Amino acid sequence: MIGNSAIRKEGRAKVLGRSRYTDDKTFRCVLHGATVRSDVPHGILKAIRFGEGIPWKEFTIVTAQDIPGENIVAAIVPDQPFLVPVGGEIHHAEEPVLLLAHPDKYLLEKARRAISLDVEELPATLDVASSDRVFKEINILHGDVDSIWAQAAHVVEADYRTEAQEHLYIEPNGMLAIVAHGDHQDQVTVCGSLQCPYYVHKALVHLFNLPGDKVRIIQMDTGGAFGGKEDYPSLIAGHAALLAWKAGKPVKLIYDREEDMAATTKRHPSRTHVKAAFDANGLLLGLDVDFTLDAGAYATLSSVVLSRGAIHAGGVYRCPNTRIHARAMATNTPPSGAFRGFGAPQSLFALERHMDVCAAKLGLDPAELRRRNFLKLGDTTATGQLLKEDVDLAGLMDRTLADIGYTEKRKLFAAANETDTPIKRGVGFSVFMHGCGFTGSGESYLASVAGVEGLADGRVAVLAASTEIGQGKDTVFSQIAAQALKIPMDMVEVAQPDTKVVPDSGPTVASRSTMVVGHLVEDAAYAFKQALIQQGFLTEPYAPEVFREAVKRSHARLGSMKCYAQYHNPPHIVWDDKTYQGDAYPTFSWACYAAEVAVDTVTYEVKVEDFVANQEVGRVINPVLAAGQIEGGVAQGIGWALWENVEWKHGRMANNQMTNYIIPTSMDLPRIRVGFLENPHPAGPSGAKGLGELPMDGPAPATLNALQNALGPLRLDEVPMTPERLMDRMEVARG
Amino acid sequence: MAEKILLRLTVNGEPRAVEVFPMARLVDVLREDLKLTGTKEGCGEGECGACTIRMDGRIVNSCLIPAIQAQGSVLLTVEGLATGEEPHALQSAFHHHNGAQCGFCTPGMLIAAEDLLRRCPNPDEAQIREGLSGNLCRCTGYVKIVDAVKAVAEGRPA
């Protein structure tokens, strides 16, 4: 079962067009909702004006003063309101101010445009470099980096930057809310497109000031998320529920693409300064990284994005003296949020580009410089984490370089690039890791729960709040439970995430579903089997049909039997939040990615012609689904590296359309060649580690390193390296 | 506002008639009036291809077609690909090759793939990539989708 490419469990419904996404569900009396937003980045809301010619009496209108509970989104830092009140401060453009609902969506849109806001504008901080407001600051210190600059043979420093990236899940955000007015308390139910049912649950409990059992959140089939449906859905669900509560009717709040792109979160833009010192043999002596994220207007998840970014800033290298200074700064742009990789792609871009820059300075091949400095079993990372697994980074790199034909191609391309051909080719790579599960003490704080339930027909159901968002969680959880119970996969059902039915397994983020929640599913399945045995329904060994009969009998006799497992931090994992020292993650996944590019020096277009993605992710539970995750992540990484550019105009996204925000089509990408090295790790079920975010970390530095190889010395310090940016840099280089 | 018209269509082989505004978008007519929610809307401006359907033998973005333009036309949506409970070869191949991840682009992608194989029964990889380039997918990196289409062209969908 484990290691087999079981076919996607919900795949049949998806290919037949029978899956039910949020906007596919409706009621005859449903109202459509709309959000009125600020069009300035900073100011005081003085008044809301309702224009002429709209039958306002037909509309349900919600402002901040209607809110029955707290007008604050319950998150890490409680700073973001659901709606800005009149007299309140607007912190970013697109900030929600007022909600409208009406049965006719065309009239609704007309009404939305008829509302104007009187705002006393205040100066806006739109550039992170001019911000002086810190949301979070982190210092990681290891050794004494200032003591080694003088004795080093080489000191190389440079600046790097990465820009915002839009998730562009193909299904825009949307929620459907129903509020039943009870005699004593209301019952709020929201169905929607989301990653984290219990985040939304917590937000609505505070918004309505209701006990937990009066708020029910159900995840509908979700058309992609990538982090973009982690925190923002709490606002949308709150808005839909406020309208439904006031209207006394179900309300559907579905964003169109332009609203989704303009208003919801993006990947944090970053600015990084890296200074590295080497001895005469190319051994890394010191690393000083200054890492800044543009958090936008509210704190949201920025503190933890920063944390992951800072911890990954040292990369896969042994370094006796490291200083990582990281901060997330406030600006008056829409809040940045979670996006696959969660800060690590930003800091790893800087480091893995810098390693190639350093290799050139030291006169070494990039592979040779890395080889001399790779972390090995028994080494410690910048946070003082002792590596207890036998990681073979040199082996991973050598295999990747052989797969892409690195040595031969570098020779071949060097000769061809000397000719007057306008097409220059290059090959480059990156080596990196991604921490699996929540950072530091996150998992022990969450203390997630998952369960297994016996059904009347003799099958079992997996009970977990983890959401299927395309990654294959339903299939992998079924495989894990089936393996533990020694039954076929079709005897395992995976419950729809519904806070009334499933326990809080934590959010579907941080490459944790398979490794952390999957492990709980495995433990719960073992406990379930043990309970059947102890109560005399089952004896081992057994055939699947015997198991089925045992579950049926137990159900007939005792009713539904559920067994749960809860996460407990293993005693050997120790983390100190104050000093940022200790075991940052239970384990890491490791990878080496290589890209071959062709650059047209007339049009500055870059084509990625070949891509190899090799990784060590522990035991692979489902090779086909795992490869699908890697291929999709690489595609997003190449998009971020070359094309996906958010254009800002006075704090607003100006290109909030698919027409001019460019993601890769099938014609823009090569066949991505994926390989797995398996090194089972005890942190996960059957030795599996996390892999969802890993593929986002490597493509950008690999692609720009390949560009460097194609074009020679050039300031390739930023992603996306659009044709316009590449032209600027090549013209500067030509003088 | 204009008056509603009686729109007559043949959808997935069945004659249908609905009263709609002449400028209603075809994607809304399908999803809201005909309750065929398999067709998806991803952008509303003809870029993403999630709303791709076949209309009178050609594939179109149904978000860009006003109802009146579809008067009397023959439409195929994802719901019409299967024969009863028997999936179309492309549907089987997408399922078995993991060509659908989140599944939101899948209905449009399947219609585009069906159209490609109709026009070009034995496409090579470059032709498949070109044939599907009007349909954006954010999950797969397209590899498994290309494999699924190739498998059908080679007569081995599952």
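A residue counts as buried when its relative accessible area is under 20%. By this criterion, strand 9 (residues 174-180) of chain A is mostly covered in this predicted model, with 5 of its 7 residues buried.

Strand 9 of chain A has antiparallel partners in strand 12 (residues 251-254) of chain A and in strand 10 (residues 187-192) of chain A. A hairpin of 6 connecting residues leads from strand 9 to strand 10 of chain A. Antiparallel pairing also links strand 7 of chain A to strand 15 (residues 321-330) of chain A. The bridge counts are tabulated below.

| Strand pair (chain A) | Sense | Bridges |
|---|---|---|
| strand 9 and strand 12 | antiparallel | 4 bridges |
| strand 9 and strand 10 | antiparallel | 6 bridges |
| strand 7 and strand 15 | antiparallel | 8 bridges |

At the residue level, A:Leu176 has A:Lys252 of strand 12 as its bridge partner, while A:Val179 is matched with A:Val188 of strand 10.

An open sheet of 6 strands in chain A follows the order 7-15-14-13-8-28, with mixed pairing. Its edges are strand 7 (134-142) and strand 28 (718-719) of chain A, each of which pairs on one side only. Helix 6 of chain A packs on this sheet and touches strand 7, strand 14 (284-296) and strand 15 of chain A. The direction of helix 6 makes about 25 degrees with that of strand 7 of chain A.

Helix 6 (residues 302-312) of chain A contains A:Val304. This residue counts as partly exposed because its relative accessibility is 32%. Together with A:Ile76 and A:Val77, A:Val304 forms a nonpolar surface patch with about 210 Å² of accessible area.

Note on methods
Residues are numbered from 1 along each chain as its sequence is written. Chains are lettered from A and ligands numbered from 1 in the order in which they are written. This is a predicted model: local features need pLDDT of at least 70, side-chain atom pairs count only at pLDDT 80 or more; totals for chains, interfaces and linings use all residues. Side-chain values use heavy atoms; hydrogens and water are left out. Patches are made of residues with over 30% relative accessible area and no salt bridge: like charges are joined within 9 Å, nonpolar side chains (Val, Leu, Ile, Met, Phe, Trp, Tyr) within 5 Å. Accessible areas come from the Shrake-Rupley method with a 1.4 Å probe; for residues, only the protein chains shown count as cover. A salt bridge is a side-chain nitrogen of Lys or Arg within 4 Å of a carboxyl oxygen of Asp or Glu. Helices (H or I, at least four residues) and strands (E, at least two) are DSSP runs, numbered from the N terminus. Buried means under 20% relative accessible area, exposed over 50%, partly exposed in between (1.4 Å probe, protein chains only). Two strands pair if DSSP finds at least two bridges between them. Contact means heavy atoms within 4.5 Å. Axes are lines fitted to C-alpha atoms, for helices over the stretch in contact, and angles run from 0 to 180 degrees between N-to-C directions.
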